[in-house]
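Here is a short tour of one structure for someone meeting it now. Have a look at the sequence and the 3D view, then read on.

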Amino acid sequence: MRAMVYRGPYKIRVEEKDVPAIEHPNDAIVRVSLAAICGSDLHMYHGAMPDTRVGMTFGHEFIGVVEHVGSSVRNLQPGDRVMVPFNIFCGSCWFCARGLFSNCNNVNPNHYAVGGIYGYSHTTGGYDGGQSQYVRVPFADVGPTKIPDWMSDEDAVLLTDAAPTGYFGAQLGDIVEGDVVVVFGAVPVGLVAARSAWLMGAGRVIVIDHLDYRLKKAREFAQAETYNFTQYGDIVLEMKKQTDFFGADVAIDAVGAEADGALLQHVTAAKLKLQGGGSPVALNWAIDTVRKGGTISVVGAYGPLFTSVKMGDLMNKGLTLHSNQTPVKRQWPRLFEHVRNGHLRPSELVTHRFPLEHIAEGYHVFSAKLDGCIKPLVVPNAT
Ligand SMILES: NC(=O)c1ccc[n+]([C@@H]2O[C@H](COP(=O)([O-])OP(=O)(O)OC[C@H]3O[C@@H](n4cnc5c(N)ncnc54)[C@H](O)[C@@H]3O)[C@@H](O)[C@H]2O)c1
Ligand SMILES: [Zn+2]
Ligand SMILES: [Zn+2]
């Protein structure tokens, strides 16, 4: 089969690999019909994700058709059209029993740090991902769900990560009626978070980024007020002015470890690697932007190591901070209803579709933010 293969930072190839085989009775093999490239893939592409091994196939957002199932699989059959959450999880450990699917204890030798994720380095278990013609899906009775007939492929593939993560970002903000919600990152995750904030009762939704074409999308897709942080000497001060020097109620960090906006943070994190967990610019802006007693939601990804987060301000302002990798399947029942009723149409975020053979171009365009790129898809079995 043909598969995307990582050959080192900024080196993406398409190579021949063996079609994966059933390794456990509860595995399925899925023929991928559509995959996506996520901002999280860029952390690996840039060489910023620990233990990303040469030869690995990325891709944790994908849908497809079941090709084979192991002998104990009961919920799926060959021919089923399925969507697969980006988390690999067992469904029965202490954490899964509490809905903490992204914190499953049984799917990653590094489980104290993070759960299992497809195609996202050996830090998250070393599983090959779905930017490929075929993928092995462990715990096939637990994660995948048959795609409802009324759902389009492009909505379904965005429901495997970007959309549930945005929705989860808003949920982690504990939004109550009338809240002022500030979202950092006019990214797929941030745009869905902003849209979801309205669904949860926000009174005002603000999105901050430095790419004007993405801020335009935030106005159209999420009806948000937008601010380009490069146009203000101090974006935190501007947010204070915007909130009568009170502060926002909730801030959502949908940027994560590779944030721009503060040169010293960027150099110490991205260049000198003195901050192993990444550059917390967006997180520190979030801490400074909310009022005392406010809530911070972090769905942007950070590494496990040291970063200079403003812990003192977080503590002295009495802030609540919620964070996690998204337990995708937990978000599906409500999100399916929102998509079906037209309250949310994640496919509106898709800007590019690349055949698998051209995936290197897809990474380049997405990483360099060229050609108005917001969300690129990958078509592995294009004729
Ligand atoms: N928690 C989860 O389960 C989960 C799931 C998916 C993605 N993620 C993470 O969410 C983040 C967003 O991913 P994506 O694919 O939606 O986006 P992306 O990587 O395409 O975009 C990053 C965006 O942040 C903007 N930005 C940079 N610095 C900023 C700053 N200081 N303030 C405001 N905006 C800034 C950039 O201009 C860009 O638009 C990534 O860190 C990704 O790893 C987390
Ligand atoms: Zn992702
Ligand atoms: Zn589990």
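## A pair of strands near the end of the numbering

In β17, the residue that bridges to H352 is P376. This model is a predicted one, and the bridge belongs to a parallel pairing: strand β16, residues 350-355, runs alongside strand β17, residues 375-379, with five bridges between them.

What kind of unit do β16, α12 and β17 make? Together with helix α12, which covers residues 359-367, the two strands form a β-α-β unit, and that unit is right-handed.

## The chain as a whole

Stepping back, you can count 12 helices and 17 strands in the chain. Along the principal axes, its C-alpha atoms fill a box of roughly 60 × 45 × 40 Å.

How does the radius of gyration of the chain fit a compact globule? For 383 residues such a globule would have a radius of gyration near 21 Å, and the chain has 20 Å, so the two agree.

## Two domains and their contact

The chain is divided into domain 1, made of 2-161 + 327-379, and domain 2, which spans 162-323. Between the C-alpha centres of domain 1 and domain 2 there are 25 Å. Where they touch, 25 residues of domain 1 and 22 residues of domain 2 take part in the contact.

On the domain 1 side of this contact, α1 and α11 (328-340) each supply at least two residues. The element that gives the most there is α11, with four residues. By character, the residues on this side of domain 1 divide into 12 nonpolar, eight polar and five charged.

## Around ligand 1

Now to the ligand. Which residues are closest to ligand 1? They are G39, S40, V187, G256 and A301, out of 32 residues that surround ligand 1. Two or more residues of this shell come from each of α1 (39-45), α5 (188-199), β11 (204-209) and α9 (281-289). Of the elements, α1 gives the most to the shell, with four residues.

Helix α1 therefore turns up twice in this tour, as a supplier of the shell around ligand 1 and of the side of domain 1 that touches domain 2. Both domains are represented around ligand 1, too: domain 1 and domain 2 each provide at least three residues of the shell. As for character, the shell around ligand 1 holds 17 nonpolar residues, 11 polar ones and four charged ones.

Conventions. Residues numbered from 1 in each chain as written. Chains lettered and ligands numbered in written order. Predicted model: local features only at pLDDT ≥ 70, side-chain atom pairs only at ≥ 80, totals over all residues. Near = placed C-beta within 6 Å. Nonpolar A, V, L, I, M, F, W, Y, C, P; charged D, E, K, R; others polar. Domains from an automatic or database assignment. Pairing = 2+ DSSP bridges. Right-handed = clockwise from strand over helix to strand, strands pointing away. Contact = placed C-beta atoms within 7 Å. Rg over C-alpha atoms; globule rule 2.2 N^0.38 Å.
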